[in-house]
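This report describes the interior of a protein chain, with attention to its packing, its enclosed space and its charged pairs. The sequence and the structure follow.

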Amino acid sequence: MPRLPADPAPVLVRRFVQLFVGLFLYGIGMALIVRGELGVAPWDVLTQGVAKQTGLGFGLITVITSGVVLLLWIPIRQKPGFGTVMNALLVGPAADVGLWLIPPGLDLWARVILLPAGIVVLAIATGLYIGAHFGPGPRDGLMTGLHRRTGWRIWIVRTGIELVVLAVGWLLGGNVGIGTVAFALLIGPLCGYTIPLFAIKRAERADAAAPPRDARDAVAASASVPPA
């Protein structure tokens, strides 16, 4: 197979900018939901639970968890991309920045605003970093890798993993609530809109205008997680 030509400089620059902006916004979106204190996404329930038991910071645990998830890629022969590594390293610190900027213990009306704002920001961030075509995040890659190796439907893999993560996080003391349900119901449809919206068209590949089907299905499948 002939080697594909490199992206033109403007396209490559846009890809890098979009990747890093998306990862930063992803952390900010997580912080918004956490500070809403109405329940968080399943993986963040686990992060909160581990933080409660260990005293480590939210961002640090997010990075450590991403590293552990990447180790699980090895037996399923999933290969990380540049964006995968950057996701693992940068989302946690970005979340810490958001948690530093937004104080805890806000009035209920403010927390009610923070929850949907965080979900929307997360959806935009997901569209940005996936649309940059640098590879999926550690958690999405685990799901798509298991889907490829087992042949199970992507929503079954997604639901199974997130239910286990949610249960462990809840047992450790993570915050499960209406925000957890809202995230499960809304993030899939929202990402179904933002991923094609922000997908960068790469002239050298006819199929690059949209992310791989598995990547789109993985985030969309989060809507299938039943309420806790």
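Which residues lie nearest the centre of the largest cavity, and how many residues line it? The model examined here is a predicted one. In it, 26 residues line the largest cavity, and Y26, W43, R139, R158 and F183 are those nearest its centre.

## Overall architecture

The protein chain contains nine helices and zero strands, and its pattern along the sequence reads α-α-α-α-α-α-α-α-α. The chain has 228 residues, of which 49% count as buried.

Contacts between parts far apart in sequence are a marked feature of the fold. Among contacts with a separation of 6 or more, 83% join residues 24 or more positions apart.

## The enclosed cavity

The count of cavities of 30 Å³ or more comes to one. About 370 Å³ of space lies within the largest cavity. Two or more lining residues come from each of α1, α2 (42–54), α3 (58–73), α4, α5, α6 (138–150), α7 (154–171) and α8.

By residue class, the lining of the largest cavity consists of 14 nonpolar, seven polar and five charged residues. R158, one of the residues nearest the centre of this cavity, also takes part in the salt bridges described next.

## Buried charged residues

Side chains of opposite charge can pair when their charged atoms come close. The structure holds two salt bridges, and together they link D140, R158 and E162 in a network. In one of them, D140 pairs with R158, with 3.2 Å between the closest N and O atoms. This pair joins distant parts of the chain, since D140 belongs to helix α6 and R158 to helix α7, 18 residues apart.

The other bridge pairs E162 with R158, and here the closest N and O atoms are 2.8 Å apart. E162 and R158 are four residues apart in helix α7, so about one helical turn separates them.

Are the three members of this network buried or exposed? The cut-off for a buried residue is a relative accessible area under 20%. D140 has a relative accessible area of 9% and is therefore buried. R158 is likewise buried, at 7%, and E162 counts as buried because its relative accessibility is 2%.

## Nonpolar cores

In soluble globular proteins, nonpolar side chains tend to be buried together. The largest nonpolar core of this model comprises 29 residues, and L19, I33 and F183 have the most contacts inside it. Four elements give two or more residues to this core: α1 (9–36), α4 (82–101), α5 (108–131) and α8 (178–198). A second, separate core has ten residues, among them I76, L142, M143 and I161.

The surroundings of I33 illustrate the packing of the largest core. Apart from residues up to four places away in sequence, I33 touches G39, V40, L114, L115, G118, I119, L122 and F183. F183 thus appears both among the residues with the most contacts inside the largest core and among those nearest the centre of the largest cavity.

## The second largest pocket

The second largest pocket holds about 270 Å³ of space. Its lining has 15 residues, and W43, L46, T65, V68 and V165 lie nearest its centre. W43 is also one of the residues nearest the centre of the largest cavity.

Helices α2, α3 and α7 each supply at least two residues of the lining of this pocket. The largest share, six residues, comes from α3. In composition, the lining of the second largest pocket has 14 nonpolar residues, one polar residue and no charged residues. The lining of the largest cavity, by contrast, includes five charged residues.

## An exposed loop proline

P104 is found in the loop between α4 and α5. With a relative accessible area of 52%, P104 is exposed.

Which residues does P104 contact, leaving aside its neighbours within four places in sequence? P104 is in contact with R35 and E37. Between P104 and G36 the C-alpha to C-alpha distance is 8.3 Å, although 68 residues separate them in sequence.

Note on methods
Residues numbered from 1 in each chain as written. Predicted model: local features only at pLDDT ≥ 70, side-chain atom pairs only at ≥ 80, totals over all residues. Heavy atoms only, no water. Core = buried A, V, L, I, M, F, W, Y, C linked by side-chain atoms within 4.5 Å. Buried < 20%, exposed > 50% of the residue type's maximum accessible area, 1.4 Å probe, protein only. Contact = heavy atoms within 4.5 Å. 1 Å grid on protein atoms, 1.4 Å probe; cavity = no way out; pocket = protein on both sides within 12 Å on 5 of 7 lines; lining within 4 Å. Points joined across faces, edges and corners; volume = space filled by probe spheres on them. Nonpolar A, V, L, I, M, F, W, Y, C, P; charged D, E, K, R; others polar. Salt bridge = Lys/Arg side-chain N within 4 Å of Asp/Glu carboxyl O.
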